Amino acid sequence: MSIRPLHERRTELQQAAVAKGVDLAYVSLLVDAFYTRIRAHPELGPIFERVIGDGWDFHLKRMKEFWTSVALQAGSYSGKPVPAHRRLEGVTPEHFRIWLSLFRSTLDDTAPSPEAAEHFMVRAERIAESLQLAMFGLPDLPKQAAGAVASPMSARARPKS
């Protein structure tokens, strides 16, 4: 088994996404449509508005960079989403369920193909799970100081020798 260079793997992933109908134009349409729904949502809208305020143009540009990087392996996003989301106040796991539901309905209404919708949804679910783990930890593990999640190999979980 040979190891292929990263640029070859990236090109292959990009071509597979494009074959599903995922391209820069669709990422832009998706982000604009999704955040229009977010802003209109009675629970999520105020959370986003409180943080973003009049910075929506910048936020939408960043989200297009983020989703282009996620969906097309473009490498155009260099932000740190976990610290940004950990600073949010009043966000609960239920908000993530709502976010995912709005994302899914936006995909259902706009995606150029079912494969494109699934391409994004799989990634959105992974991202939501990762952010929730960073923000809320695992249900059965106590949080440590500064909101860090206790390691699965903490003293209580470490095998006895």
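Okay, so look at Glu 65 and Lys 61: their side chains meet in a salt bridge, 2.8 Å from N to O. By salt bridge I mean a side-chain nitrogen of Lys or Arg within 4 Å of a carboxyl oxygen of Asp or Glu. The general idea is simple: side chains of opposite charge can pair when their charged atoms come close.

Before I go on, this is a predicted model, so local features need pLDDT of at least 70 and side-chain atom pairs count only at pLDDT 80 or more, while totals for chains, interfaces and linings use all residues. Residues are numbered from 1 along each chain as its sequence is written, and side-chain values use heavy atoms, with hydrogens and water left out.

Back to our pair. Both Glu 65 and Lys 61 sit in helix α4, 4 residues apart, which is about one turn of the helix. When I say helix, I mean a DSSP run of H or I with at least four residues; strands are runs of E with at least two, and both are numbered from the N terminus.

Glu 65 has a second partner, too. Its side chain also meets that of Arg 62 in a salt bridge, at 3.9 Å from N to O. Those two are 3 residues apart in α4, again about one turn of the helix. Put the shared partners together, and Lys 61, Arg 62 and Glu 65 are joined into one network.

Now, which of these is buried? Here's the scale: buried means under 20% relative accessible area, exposed means over 50%, and partly exposed is in between, with a 1.4 Å probe and protein chains only. Glu 65 is buried, at 18%. Lys 61 is partly exposed at 49%, and Arg 62 is partly exposed at 22%.

How many salt bridges does a search of the whole structure find? It finds 8. Another one of them pairs Asp 109 with Arg 37, at 2.7 Å from N to O. Asp 109 is in helix α6 and Arg 37 is in helix α2, residues 24-40, so this pair ties together parts that are 72 residues apart in sequence. Asp 109 counts as exposed, at 56%, while Arg 37 is partly exposed, at 26%.

Let's stay with α4 a moment, and find Trp 56, which lies in that helix. Trp 56 is buried, with a relative accessibility of 5%. Who does it touch? Contact means heavy atoms within 4.5 Å. Leaving aside neighbours within four places in sequence, Trp 56 is in contact with Tyr 35, Arg 39, Phe 48 and Glu 49. Take Tyr 35: it is 21 residues from Trp 56 in sequence, and their C-alpha atoms are 9.4 Å apart.

Okay, zooming out. The protein has 7 helices and 0 strands, so to speak α-α-α-α-α-α-α if you read along the sequence. Of its 161 residues, 34% are buried. And among contacts with a separation of 6 or more, 68% are between residues 24 or more positions apart.

Next, the largest pocket, with a volume of about 710 Å³. Of the 28 residues lining it, the closest to its centre are Phe 48, His 59, Met 63, Ala 84 and His 85. The elements giving two or more residues to that lining are α3 (44-52), α4 (56-72), α5 (81-86), α6 (93-110) and α7. Helix α4 gives the largest share, 6 residues.

How is a pocket found? On a 1 Å grid over the protein atoms alone, a pocket is an open set of points where a 1.4 Å probe fits, with protein on both sides within 12 Å along at least five of seven lines; lining residues have an atom within 4 Å of a point. The points are joined across faces, edges and corners, and the volume is the space filled by probe spheres set on them.

Last stop, helix α7, residues 114-136, where you'll find Glu 115. Glu 115 is partly exposed, at 47%. Its C-alpha atom is 8.9 Å from that of Ala 17, and the two are 98 residues apart along the chain. Gln 132 is in α7 as well, but it counts as buried, at 19%. Leaving aside neighbours within four places in sequence, Gln 132 is in contact with Pro 93, Phe 96 and Gly 137.
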